[in-house]
Amino acid sequence: MQTVADTSALIYTAKNQEFTQILKKIFQNIYIPPSVHQESIIKGKELGKQDALILEKMIEEDFLILKPLNKYGKEIKEKIQKTKGLGNGEIEAISLAKQMNIEKILIDDQLASKTAKALGLKPIPITYILILATRKGIINLKEGLKILHQTINEGYHLSAEDYIAIKNKMEKTQ
């Protein structure tokens with residue numbers, strides 16, 4: 001399976017080596033547009049962020065693939081830019097997914113998810129990756145909850161209601 005990812009999805013998964021390994025077991029490749037590369041790797045390295053180095057290594061391994069927007073992708077970008085509140089990484093990730101006809105996109109922001117859905121895409125929050133990994137037997141419940149807690153501790157925003165829902169879905173797979 002292939003997907004496109006926005007900046008925050010990449011950064012939060014790269015903060016945890018186990019999460020990164022899960023991505024590699026679920027996806028063949030993850031495509032990123034130039035702005036996501038800029039935001040997650042270039043700026044991250046300038047700030048001395050360890051996750052930026054991990055993401056850079058994933059590019060070297062050809063797991064993360066930097067893909068520029070073509071004419072069609074740029075046209076979509078122009079239309080999406082009219083939506084207030086979206087970051088450039090989110091806009092380009094959605095545009096790239098449409099350009100490449102990749103239905104599933106790793107994206108967590110609520111407005112970006114709604115925009116992706118409106119364009120016929122299926123947004124996947126990174127927390128769903130943990131549910132999927134539990135269902136597929138890649139990790140067990142204890143490992144999934146540990147990664148979820150670590151991700152939250154790194155600053156990932158999750159309401160108590162969403163946490164309970166995710167935990168329940170992970171438990172149902174056991």
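Okay, quick bit of vocabulary before we start: two strands count as paired if DSSP finds at least two bridges between them. Keep that one in your head, and keep in mind too that this is a predicted model.

So, who pairs with whom? Strand β1, residues 2-5, is joined to strand β2, residues 29-32, by 3 bridges, and these two run parallel. On the other pairing, β1 has 2 bridges to strand β4, residues 104-106, and that pair is parallel as well. If you want one residue to click on, take V4. Its bridge partner in β2 is Y31, and over in β4 V4 stands opposite I105.

Now hop to T3, which is found in strand β1 too. Is T3 buried or exposed? T3 is buried, because its relative accessibility is 0% and the cut-off for buried is under 20%. And what does T3 touch? Skipping neighbours within four places in sequence, its contacts are F27, N29, I30, Y31, I102, K104, I105 and L106. Have a look at those on the screen: I30 and Y31 fall in the range of β2, residues 29-32, while I105 and L106 fall in that of β4, residues 104-106.

Let's zoom out for a second. The chain has 10 helices and 5 strands. With 174 residues, a compact globule would have a radius of gyration near 16 Å, and the chain has 16 Å, so the two agree. Along its principal axes, the C-alpha trace spans about 45 × 35 × 25 Å. Buried residues are 47% of the 174. Then there are the contacts: among those with a separation of 6 or more, 67% are between residues 24 or more positions apart. On the outside, the accessible surface is about 9200 Å², and carbon and sulfur atoms own 49% of that. As for charge, I get 26 positive and 21 negative side chains, with the centres of the two sets 5 Å apart.

Next, a helix. Which residues of α3, residues 34-46, are buried? They're S35, V36, H37, S40, I41 and G44. Here's a handy thing to remember: an α-helix has 3.6 residues a turn, so residues three or four places apart point the same way. Try stepping through the buried ones in α3, say H37, S40 and G44. What covers the buried residues of this helix? The cover includes β1, α1, β2, α4, β3 and α6. After α3 comes G48, with a positive phi near 75°.

Speaking of positive phi, two residues that aren't glycine have it as well. D62 has a phi of about 65°, and D62 sits in the loop between α4 and β3. N101 has a phi near 60°, and you'll find N101 in the loop between α6 and β4. Are they buried or exposed? D62 is exposed, at 54% relative accessible area. N101 counts as exposed too, at 72%.

Last stop: Q110, in helix α7, residues 110-118. Q110 has a relative accessible area of 62%, so that's an exposed one. How far is Q110 from S8? Along the chain they're 102 residues apart, yet their C-alpha atoms are separated by 12 Å.

If you only click on one thing afterwards, make it V4, with Y31 as its partner in β2 and I105 opposite in β4. That's me done, thanks!

Note on methods:
Residues are numbered from 1 along each chain as its sequence is written. This is a predicted model: local features need pLDDT of at least 70, side-chain atom pairs count only at pLDDT 80 or more; totals for chains, interfaces and linings use all residues. Side-chain values use heavy atoms; hydrogens and water are left out. Helices (H or I, at least four residues) and strands (E, at least two) are DSSP runs, numbered from the N terminus. The radius of gyration is taken over C-alpha atoms; the globule rule is 2.2 Å times the number of residues to the power 0.38. Buried means under 20% relative accessible area, exposed over 50%, partly exposed in between (1.4 Å probe, protein chains only). Contact means heavy atoms within 4.5 Å. Accessible areas come from the Shrake-Rupley method with a 1.4 Å probe; for residues, only the protein chains shown count as cover. Lys and Arg count as positive and Asp and Glu as negative; His and the chain ends are not counted. The place of a charge is taken as NZ of Lys, CZ of Arg, CG of Asp or CD of Glu.
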